[in-house]
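Trainee: I would like to take a close look at a single part of this model. Could you walk me through the way its acidic side chains and their surroundings are placed?

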Amino acid sequence: MVDPDEHEIAAIAAASPMAGEYLESIGKTDLAALTEAEWLTLLEVIITAYQDELARLLDQGRHPAPPLAAGGRP
């Protein structure tokens with residue numbers, strides 16, 4: 001991510017504790033010791049928490065919707 005805005009930074013901050021909670025729940029902190037399934041779950045936890053926080057901010061009207069490109073896609 002290049003030059004994250006304040007909302008993206010907030011979403012990263014919101015995702016961080018979720019990552020920690022997951023790692024605590026499996027009793028591992030060394031990322032090199034994660035199995036492939038644990039690594040993929042960690043990524044899913046982080047990405048989901050990040051997206052959820054951005055969506056929450058958008059729903060509150062505190063972040064403008066991205067402009068649509070030609071063809072109606074963001």
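Mentor: What follows goes from the chain as a whole to its helices, and then to the glutamates and their partners.

The model is predicted, and its protein chain has 2 helices and 0 strands. Of the 74 residues of the chain, 18% count as buried, and the accessible surface comes to about 5500 Å², of which 60% belongs to carbon and sulfur atoms. Among contacts between residues at least 6 apart in sequence, 49% join residues at least 24 apart.

Helix 1 covers residues 6–26, and its 21 residues should span 30 Å at 1.5 Å a residue, which agrees with the 31 Å between its end C-alpha atoms. Within helix 1, the residues H7, A11, A15, A19, Y22 and L23 are buried. They cover an arc of only 130° around the axis, and therefore lie on the same side of helix 1. The face turned away from that buried side carries the exposed residues E6 and E24, while helix 2 is included in what covers the buried residues. Another glutamate of helix 1, E21, is partly exposed, with a relative accessible area of 48%; its C-alpha atom is 9.9 Å from that of L42, although the two residues are 21 apart in sequence.

Turning to the acidic residues of the other helix, E38 has its place in helix 2 and, with a relative accessible area of 16%, counts as buried because the cut-off for that class is under 20%. Leaving out residues up to four places away in sequence, E38 touches Y22, I26, K28 and A33; of these, Y22 is also one of the buried residues of helix 1. With K28, the contact is also a salt bridge between side chains, at 2.7 Å from N to O. Since E38 lies in helix 2 and K28 in the loop between helix 1 and helix 2, the pair ties together parts that are 10 residues apart in sequence. K28 itself is partly exposed, at a relative accessible area of 24%, so that this salt bridge joins a buried glutamate to a partly exposed lysine.

E53, also found in helix 2, is buried as well, with a relative accessible area of 14%. Apart from its neighbours within four places in sequence, E53 is in contact with A10, A11 and A14, and A11 is among the buried residues of helix 1. The side chain of E53 meets that of R56 in a salt bridge, again with 2.7 Å from N to O. Here the two partners are 3 residues apart in helix 2, and so are separated by about one helical turn. An α-helix has 3.6 residues a turn, so residues three or four places apart point the same way. R56 counts as partly exposed, at 36% relative accessibility, whereas E53 is buried. The count of salt bridges comes to 2, one of them linking helix 2 to the loop and the other lying within helix 2.

The surface also has a part without charge: L31, W39, L40, L43, I46 and I47 form a nonpolar patch with about 500 Å² of accessible area together. One of these residues, L43, lies in helix 2, which runs over residues 36–59, and L43 is partly exposed, with a relative accessible area of 30%. Helix 2 thus holds both the buried E38 and a residue of the nonpolar patch, L43.

Note on methods: Residues are numbered from 1 along each chain as its sequence is written. This is a predicted model: local features need pLDDT of at least 70, side-chain atom pairs count only at pLDDT 80 or more; totals for chains, interfaces and linings use all residues. Side-chain values use heavy atoms; hydrogens and water are left out. Patches are made of residues with over 30% relative accessible area and no salt bridge: like charges are joined within 9 Å, nonpolar side chains (Val, Leu, Ile, Met, Phe, Trp, Tyr) within 5 Å. Accessible areas come from the Shrake-Rupley method with a 1.4 Å probe; for residues, only the protein chains shown count as cover. A salt bridge is a side-chain nitrogen of Lys or Arg within 4 Å of a carboxyl oxygen of Asp or Glu. Helices (H or I, at least four residues) and strands (E, at least two) are DSSP runs, numbered from the N terminus. Buried means under 20% relative accessible area, exposed over 50%, partly exposed in between (1.4 Å probe, protein chains only). The expected span of a helix is 1.5 Å times one less than its number of residues. The arc is that of the directions from the helix axis to the C-beta atoms. Contact means heavy atoms within 4.5 Å.
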